[in-house]
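User: Please show the model. I would like to go through helix packing and charge pairing.

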Amino acid sequence: MSDQKTILIADDDSDIREVVRILLESEGFQVIEAVDGDDAASKISPDVDLYILDVMMPGKSGYQVCREIRLSSTSPVLFLTAKSQDGDKSMGFSSGGDDYLVKPFSYTELTARVKAMMRRYFVYGAKAEEAKEKTISIRDLTIHLDECEVKVNGREIVLTDIEYRMLLLMAQNRRKVFSAQNLYESIWNEPYFYSCNNTIMVHIRNLRRKIEPDPENPSYIKTVWGKGYRID
């Protein structure tokens with residue numbers, strides 16, 4: 001990444017904001033601070049390349065801010081939280097988040113997560129997609145690869161970077177069955193663990209909710225019981 005990337009850190013703890021800002025600036029990132037959820041929402045911008053959101057903040061929660069981000073942006077969102085239950089993580093992913101870091105965390109881990117998310121987004125993801133063909137059309141679903149845009153019946157569908165890449169991978173390999181491990185290792189570029197199944201399920205559910213006429217009876221993303229998922 002040759003040009004400087006901008007990160008917004010939103011946390012009502014000024015000490016955490018300061019340490020994270022100093023850490024990220026030392027890694028070459030430009031950092032914007034937000035003191036609470038309302039402040040973070042007011043600073044949503046196309047110029048922000050990655051958002052780091054504390055879940056529990058005065059005003060709007062991190063989940064609420066993330067949902068507002070997803071109305072206009074596919075930039076990665078990393079949640080910082082003291083919560084670690086699977087249900088809390090599911091809520092974060094359902095809100096449109098890309099990753100989840102539980103407090104207390106090491107600053108080495110935070111830096112590694114941020115760099116990995118930036119790499120996925122700009123090197124492998126929506127921002128880096130160089131299309132071999134202009135569009136992929138599957139019935140009423142159209143993926144415009146040059147704009148990284150998805151439409152159903154002509155209506156634009158706002159997807160997160162992870163959702164877009166997952167949909168694109170399956171659409172480019174129609175009728176191929178992708179196991180949870182296939183999807184996780186292809187999209188996240190990280191080793192798969194059994195606990196990652198829930199992450200995949202949440203993102204598939206989110207995709208169906210956005211693109212399927214009837215998410216309970218999907219016509220695009222099919223479940224192949226015991227094996228995985230495919231697009232017919």
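User: How do α7 and α8 lie to each other?

Analyst: In this predicted model, the axes of helix α7 (residues 180–188) and helix α8 (residues 196–211) come within 10 Å and cross at roughly 80°. Helices are DSSP runs of H or I, at least four residues, and strands are runs of E, at least two, numbered from the N terminus. Axes are lines fitted to C-alpha atoms, for helices over the stretch in contact, with angles from 0 to 180 degrees between N-to-C directions. Under 35 degrees is roughly parallel, over 145 roughly antiparallel, 65 to 115 roughly perpendicular and the rest oblique, so α7 and α8 are roughly perpendicular.

User: What pLDDT do side-chain atom pairs need to count?

Analyst: Residues are numbered from 1 along each chain as its sequence is written, and side-chain values use heavy atoms, without hydrogens and water. Totals for chains, interfaces and linings use all residues, local features need pLDDT of at least 70, and side-chain atom pairs count only at pLDDT 80 or more.

User: Which residues in α8 meet α7?

Analyst: Contact means heavy atoms within 4.5 Å. From α7 come A180, L183, Y184 and W188. Their partners in α8 are C196, N197, T199, I200, H203 and I204.

User: How many charged residues are in the contact of α7 with α8?

Analyst: Nonpolar covers Ala, Val, Leu, Ile, Met, Phe, Trp, Tyr, Cys and Pro; charged covers Asp, Glu, Lys and Arg; the others, Gly among them, are polar. The contact has seven nonpolar and three polar residues. The number of charged residues is zero, that is, no charged residues.

User: Is T199 buried or exposed?

Analyst: T199 is found in helix α8. Buried means under 20% relative accessible area, exposed over 50%, partly exposed in between (1.4 Å probe, protein chains only). At 12% relative accessibility, T199 is buried.

User: Leaving aside neighbours within four places in sequence, what is T199 in contact with?

Analyst: T199 and D98 are 101 residues apart along the chain, and their C-alpha atoms are separated by 9.7 Å. Beyond four places in sequence, the residues in contact with T199 are F93 and W188.

User: How many residues of α6 are buried?

Analyst: Helix α6 covers residues 161–172. Its buried residues include D161, E163 and R165. The helix is largely enclosed by the rest of the structure, because the buried residues number eleven of the twelve.

User: How far apart are the end C-alpha atoms of α8?

Analyst: The expected span is 1.5 Å times one less than the number of residues. For the 16 residues of α8 that gives 22 Å. The model agrees, with end C-alpha atoms apart by 23 Å.

User: Which residues are linked with E25 in a network of salt bridges?

Analyst: A salt bridge is a side-chain nitrogen of Lys or Arg within 4 Å of a carboxyl oxygen of Asp or Glu. E25 forms one with R21, the closest N and O atoms being 3.3 Å apart. Both lie in helix α1 (residues 14–26), four residues apart, so about one helical turn separates them. The network links E25 with R17, R21 and E33.

User: Is E149 buried or exposed?

Analyst: E149 forms a salt bridge with K151, at 3.8 Å between the closest N and O atoms. K151 is partly exposed at 26% relative accessibility. E149, at 18%, is buried.

User: What is the N to O distance in the salt bridge of E68 and K60?

Analyst: E68 is partly exposed, with a relative accessible area of 27%. K60 is partly exposed, with a relative accessible area of 27%. Their side chains meet in a salt bridge, N to O, at 2.5 Å.
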